[in-house]
Amino acid sequence: MEQEKIADCFMVGCWQLDDRSWKALSELDVERTIDTYLAWGIKRFDTADIYGRSEKLLGKCLKGRSDCEIWTKAVFFGAVPTLQQIQYKIDSSLRNLQRDHLDCVQIHWHDPSLDFASTFEIFNQYLAKGKISQLGVTNFNTTMLKRALEYAPIKTHQVQYNLIDRRVETSIQALCLQHKIPLIPYGSLAGGFLSNKFLGVKIPPAEGEHCRGFYYNHMIAKHGGWSAVQELLQTMAEVGQKYEMTIAQVALNWLKQQPGVGTIILGLTENRQQIKTDLEALQKPLERLDIQKLSQRSQALFQQVGDVYSYERH
Ligand SMILES: NC(=O)c1ccc[n+]([C@@H]2O[C@H](COP(=O)([O-])OP(=O)(O)OC[C@H]3O[C@@H](n4cnc5c(N)ncnc54)[C@H](OP(=O)(O)O)[C@@H]3O)[C@@H](O)[C@H]2O)c1
């Protein structure tokens with residue numbers, strides 16, 4: 001695959017730009033890192049209203065780059081959002097991103113008591129006015145996605161998906177395929193755990209500050225534990241050896257070949273070598289038998305709890 005087409009398969013996740021995040025990058029480092037991704041041909045970035053300065057920094061770095069898409073999120077906690085709350089979120093995302101429209105707004109909500117009719121009516125009005133080009137959702141379970149589809153043209157579904165967490169395969173994946181809604185995976189590398197860095201590491205590092213530590217460790221404990229991750233990494237390394245690929249490349253290649261998977265989110269890293277190898281992961285597809293081998297190994301090692309991100313909320 002040509003590099004330009006490969007770049008189309010990825011978008012850069014910008015949770016890492018939150019100034020309260022584990023990375024705490026300087027603005028200069030952020031600008032340099034975004035420039036590196038742009039030089040690789042990346043044209044899509046994922047952020048959220050709740051990622052601190054992330055929207056603002058992206059707006060600054062990508063000012064005037066109408067060829068680049070910035071996908072954001074409207075995250076609602078607690079009560080059903082009011083018209084004013086939704087308007088406030090959209091207006092502040094437009095201001096932060098310095099744009100006259102939002103390329104994609106992904107609604108993040110998990111309480112089934114969401115008033116689907118009134119909430120989506122407001123979003124539909126923004127679509128009609130051209131202030132939002134596309135609506136998506138994130139972490140919606142099967143029931144909620146079905147309901148959302150009754151009220152709005154949902155175009156994408158952002159979900160946690162990797163060889164350890166395959167909850168979406170329970171029923172979300174089939175529903176998305178049926179409605180031609182691409183799955184937009186995040187946590188594709190489980191925060192970096194699915195890489196050579198962690199092969200042979202006996203105890204998961206207590207990186208309390210890194211998303212691996214406070215986010216993906218919890219998921220791993222629930223799905224099968226660290227020794228299961230080590231067994232998976234071993235199999236991934238064996239498969240990788242055949243293709244001269246790193247474990248992270250194997251993880252991304254496997255993910256891209258799953259049914260219904262669209263653009264894969266790669267959490268931003270300032271490490272240029274990681275950027276390079278991650279973006280080169282799809283140059284040569286893994287053969288079907290190796291994809292099967294990885295899927296079977298993961299299936300034997302991990303249990304899947306629920307149909308999408310769920311227990312993490314408690
Ligand atoms: N919708 C939601 O609820 C939700 C939840 C979480 C995340 N997200 C979105 O998805 C994005 C991606 O998620 P994520 O960052 O949590 O997970 P991820 O993409 O699996 O992990 C990204 C991290 O992995 C490390 N990494 C990258 N390439 C590597 C390599 N080749 N070898 C070893 N480590 C490597 C980097 O950390 P180092 O630079 O420290 O090495 C990087 O920051 C976020 O930025 C955010 O936009 C959405």
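Trainee: How far is an oxygen atom of the ligand from a polar backbone atom of Cys14?

Mentor: The two atoms are 3.4 Å apart. That falls under the polar contact rule (N or O atoms within 3.5 Å; within protein, one must be able to donate a hydrogen and the other to accept it, and residues adjacent in sequence count only if both atoms are side-chain atoms). This is a predicted model, in which local features need pLDDT of at least 70 and side-chain atom pairs pLDDT 80 or more, while totals for chains, interfaces and linings use all residues. Residues are numbered from 1 along each chain as its sequence is written, and side-chain values use heavy atoms, without hydrogens or water.

Trainee: And which side chains reach ligand oxygen atoms?

Mentor: Gln16 places a polar side-chain atom 2.7 Å from an oxygen atom of the ligand. For His210, the distance from a polar side-chain atom to a ligand oxygen is 2.8 Å.

Trainee: How much of the ligand does the protein bury?

Mentor: The protein buries 94% of the 910 Å² that the ligand exposes when taken alone (Shrake-Rupley method, 1.4 Å probe).

Trainee: Which residues come nearest to it?

Mentor: Gln16, Lys23, Asp46, Tyr216 and Asp278 come nearest, out of 33 residues around the ligand (a heavy atom within 4 Å). At least two shell residues come from each of α8 (211-223), β8 (264-267) and α11 (272-279) (DSSP runs numbered from the N terminus: helices H or I of at least four residues, strands E of at least two).

Trainee: Different topic: where is Ser295, and is it buried or exposed?

Mentor: Ser295 lies in helix α12, residues 288-301. Ser295 counts as buried because its relative accessible area is 13% (buried is under 20%, exposed over 50%, partly exposed in between; 1.4 Å probe, protein chains only). The Ser295 side chain also makes a polar contact of 3.0 Å with the side chain of Trp254.

Trainee: What is phi for Gln98?

Mentor: Phi of Gln98 is near 55°, a positive value in a residue other than glycine. Most residues other than glycine have a negative phi. Gln98 sits in the loop between α4 (83-97) and β4 (104-108), and Gln98 is partly exposed, since its relative accessible area is 41%.

Trainee: What about phi for Lys180, and where does Lys180 lie?

Mentor: Lys180 has a positive phi near 55° as well. The loop that holds Lys180 runs between α7 (172-178) and β7 (183-186). With a relative accessible area of 74%, Lys180 is exposed.
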